[in-house]
Amino acid sequence: MFSDFDRFCMTRALKLAERGFETTHPNPRVGCVIARNGQIIAEGWHQQPGEPHAEINALRAANESVAGATAYTTLEPCSHHGRTPPCTDALIQARLGRVVFAVQDPNPQVSGAGATALREAGIQVESGLMEAEAIDLNVGFMKRMRQGLPWMRVKLAMSLDGRTALAGGASRWITGEAARLDVQSWRARSSAVLTGIGTILADDPQLNVRSGAEDRRQPVRIVLDSKLRTPPAAQLFGSAGEVLVLTSADATAERAEALAARGAQVEIIPGQRGMLDLAAVLARLGELEMNEVLVEAGSSLAGALLAQRLVDELLLYVAPKLLGPQARPLVLTPELSSLQDAWSFSLIENRVMGADLRLRLIALSA
């Protein structure tokens with residue numbers, strides 16, 4: 001159904017969409033290419049929320065009429081008035097002959113309606129070209145639109161024997177500089193970086209994007225802190241970016257006021273047995289339009305998320321070191337009675353990072 005040139009154009013559209021990796025939150029990352037007679041004549045991508053979508057930028061970039069041409073876009077063109085007018089109207093007015101999109105927009109306001117509007121205007125519409133790649137590009141947006149929840153990506157670093165720190169807690173640095181620099185990119189593309197109060201008290205991290213920070217959007221830093229023990233002097237408050245502290249109803253107003261004075265937003269989340277309800281946390285992050293959340297936490301919180309099947313992806317850095325059986329484990333999870341109950345993952349990528357190895361693994365259904 002699709003030609004080699006179709007695939008060439010969609011590949012280019014996907015590369016254009018990647019330029020918005022760090023800037024389009026909470027919108028999807030979208031690229032568009034317009035071509036005719038085997039040549040690309042215009043291209044564009046969505047850059048920031050509130051600004052023109054990829055299709056509009058491509059149309060504006062054209063130095064000639066696009067009547068009868070084919071537009072390749074990584075996501076179904078929108079057909080509703082949001083922050084910007086419908087892209088379908090602009091495509092119809094430009095008299096495109098054909099529109100090819102990679103994946104249907106999961107937004108209920110759009111899903112299928114964009115394709116229908118184009119077809120009713122007499123434009124040939126085809127979909128499904130490089131769909132898997134387009135979904136991976138916007139995995140968080142897809143999940144949030146379908147389930148109301150963010151994509152939960154847990155970042156962990158370990159030795160060859162699955163240890164994260166020495167018995168006394170020393171962990172700097174298990175991985176090398178290349179792996180630590182790579183983490184900065186994952187933070188920058190995430191809507192938020194989430195951690196627990198244990199990590200705040202033990203390591204006092206900033207959790208911000210430090211590499212090229214002057215040009216990069218800072219993710220929201222989220223702290224799960226049921227008893228509101230976050231120190232007002234924590235380094236979180238010494239750098240640019242929002243801080244959200246989620247706590248339980250029994251937290252004192254005085255402590256909340258002290259954190260608010262440091263610029264934090266404090267919200268109450270239901271608790272269970274002295275801990276925050278993690279499912280409620282994810283639901284709240286979905287309400288806040290968080291697409292991708294990068295979890296940088298200790299073994300307890302990471303283990304709790306795994307135990308409750310709330311992890312979508314593991315971003316695992318493996319250092320060529322052995323720390324021994326007394327060192328701290330990767331995650332703390334309940335003891336299993338059967339191998340069939342194990343948390344299973346599918347390896348989707350492995351990449352060398354300096355002396356270390358980075359693995360990306362997608363959680364399989366229970």
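This short talk covers the two sheets, the helices that pack on them, and the cysteines of this structure. Please keep in mind throughout that we are looking at a predicted model.

Let me begin with the sheet of 5 strands, which is open, has mixed pairing, and follows the order S2-S1-S3-S4-S5. At its edges stand strand S2, residues 39-45, and strand S5, residues 124-127, and because each has a single partner strand, one side of each is left without a neighbour in the sheet. Ignoring direction, neighbouring strands here are turned by 15° against each other on average. Inside this sheet, strand S3 (residues 70-73) and strand S4 (residues 98-101) run parallel and are joined by 4 bridges, and Thr73 stands opposite Phe101 in S4.

Two helices belong in this part of the picture. Helix H1, residues 4-18, packs on the sheet and touches strand S1 (31-36) as well as S2, S3 and S4, its direction making about 150° with that of S1. Helix H2, residues 54-61, lies across S1, S2 and S3, and runs at about 135° to S2.

Turning now to the other sheet, we find 9 strands in an open arrangement, again with mixed pairing, in the order S11-S10-S9-S8-S14-S6-S15-S18-S17. The edges are strand S11 (265-268) and strand S17 (345-353), each of which has a single partner strand, so one side of each lacks a neighbour in the sheet. From one strand to the next, the twist averages 20°. Strand S15, residues 313-318, pairs with strand S18, residues 356-363, in the antiparallel sense over 6 bridges, and Glu313 has Ile362 in S18 as its bridge partner.

Here too there are helices to place. Helix H7, residues 177-189, lies across several strands, among them S6 (151-158), S15 and S18, and runs at about 160° to S15. Helix H11, residues 299-307, lies across S6, S8, S9 (220-224), S14 and S17, running at about 105° to S8.

Finally, the cysteines: how many disulfides does the structure hold? The number is 0. For Cys9, the closest cysteine sulfur is that of Cys32, and because the two sulfurs are 10 Å apart, they are too far from each other for a bond. Cys78 is likewise in no disulfide, with the nearest cysteine sulfur, that of Cys87, 3.6 Å away, whereas the cut-off for calling a pair a disulfide is within 2.5 Å. As for their surroundings, Cys9 counts as buried at 0% relative accessibility, and Cys78 counts as buried at 6%.

Definitions and conventions:
Residues are numbered from 1 along each chain as its sequence is written. This is a predicted model: local features need pLDDT of at least 70, side-chain atom pairs count only at pLDDT 80 or more; totals for chains, interfaces and linings use all residues. Side-chain values use heavy atoms; hydrogens and water are left out. Buried means under 20% relative accessible area, exposed over 50%, partly exposed in between (1.4 Å probe, protein chains only). Two strands pair if DSSP finds at least two bridges between them. Axes are lines fitted to C-alpha atoms, for helices over the stretch in contact, and angles run from 0 to 180 degrees between N-to-C directions. Contact means heavy atoms within 4.5 Å.
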